[in-house]
Amino acid sequence: DRLHFNWTRNEVLFSSQAGFEKARNGQSLTVWADPSLRLNIAEIIAPWDRLAGWNLFVPGSDSNADIIYTPSNATCVKPNPDYRTNYSSCTINWNLGQSSPVLTAQHEIGHCLGLVDFVPSSYPTAGYVNPQRCDNSSKLYFGVMSYCTWLDQSVWWRYHDRKLLELAGYAR
């Protein structure tokens with residue numbers, strides 16, 4: 001699968017400016033979750049940190065963190081100021097009834113890095129920002145941001161996810 005990873009930075013990010021410039025400059029992003037969500041931040045951030053080769057994320061102590069998980073009726077990511085501009089913070093609205101909470105939390109924090117969704121060609125793209133196709137035979141992607149591999153996490157946290165972090169400027 002290494003030979004088939006020919007994505008560009010502009011394809012894997014919401015825009016060329018999306019994400020946290022401070023993290024690209026070597027400053028860790030603090031992550032906090034409302035205690036009512038009972039999310040294990042260390043478990044969520046560990047694979048990202050391992051692939052980045054440094055503490056890209058660190059647990060935060062309060063709601064002033066760079067990235068916060070907050071209770072909501074629907075799971076979605078709200079970067080500040082918007083999806084296409086360098087982020088000063090990012091809120092992950094979290095549905096308390098979320099299935100696969102760790103996997104979903106790991107996927108959603110990827111959006112706080114500015115990473116896009118990779119969706120099957122059968123999916124409508126309305127509501128997505130710069131979505132890419134995960135079943136494009138000329139450009140493959142197997143990883144945490146892919147809806148094509150949601151049921152097969154054995155391909156997550158490997159070469160393709162490392163390449164996403166490299167392209168986005170977060171890997172060392």
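How many positive and negative side chains does the chain have, and how far apart do the centres of the two sets lie? In this predicted model, there are 14 positive and 15 negative side chains, and the centres of the two sets are separated by 5 Å.

The fold that carries these charges is built from five helices and nine strands, and, read from the N terminus, the elements follow the order α-α-β-α-β-β-β-β-α-β-β-β-β-α. The chain is as compact as a globular protein of its length, because its radius of gyration of 15 Å is close to the 16 Å that the globule rule gives for 172 residues. The C-alpha trace spans about 45 × 35 × 30 Å along its principal axes, and 44% of the 172 residues are buried. Of the contacts with a separation of 6 or more, 64% are between residues 24 or more positions apart. As for the outside of the chain, the accessible surface comes to about 8,000 Å², and carbon and sulfur atoms account for 47% of that area.

Helix H5, which covers residues 159–168, shows how burial is arranged along one element: its buried residues are His 160, Asp 161, Leu 164, Leu 165 and Ala 168. When the helix is viewed down its axis, these residues fall within an arc of 145°, so they line one face of H5. The spacing can be understood from helix geometry, since an α-helix has 3.6 residues a turn and residues three or four places apart therefore point the same way. The cover over the buried residues of H5 includes helix H1 (9–12), helix H2 (21–24) and helix H3 (41–52), together with strand S6 (118–119) and strand S9 (139–140). Just after H5, Gly 169 takes a positive phi of about 90°.

Helix H4, residues 101–111, offers a second place to look, and Gln 106 lies within it. Gln 106 has a relative accessible area of 5% and counts as buried because this value is under the 20% cut-off. Apart from its neighbours within four places in sequence, Gln 106 is in contact with Glu 43, Ile 44, Pro 47, Trp 48, Val 144, Trp 156 and Trp 157.

Val 102 also has its place in helix H4, but Val 102 is partly exposed, with a relative accessible area of 27%. Between the C-alpha atoms of Val 102 and Pro 79, which are 23 residues apart along the chain, the separation is 20 Å.

Methods: Residues are numbered from 1 along each chain as its sequence is written. This is a predicted model: local features need pLDDT of at least 70, side-chain atom pairs count only at pLDDT 80 or more; totals for chains, interfaces and linings use all residues. Side-chain values use heavy atoms; hydrogens and water are left out. Helices (H or I, at least four residues) and strands (E, at least two) are DSSP runs, numbered from the N terminus. The radius of gyration is taken over C-alpha atoms; the globule rule is 2.2 Å times the number of residues to the power 0.38. Buried means under 20% relative accessible area, exposed over 50%, partly exposed in between (1.4 Å probe, protein chains only). Contact means heavy atoms within 4.5 Å. Accessible areas come from the Shrake-Rupley method with a 1.4 Å probe; for residues, only the protein chains shown count as cover. Lys and Arg count as positive and Asp and Glu as negative; His and the chain ends are not counted. The place of a charge is taken as NZ of Lys, CZ of Arg, CG of Asp or CD of Glu. The arc is that of the directions from the helix axis to the C-beta atoms.
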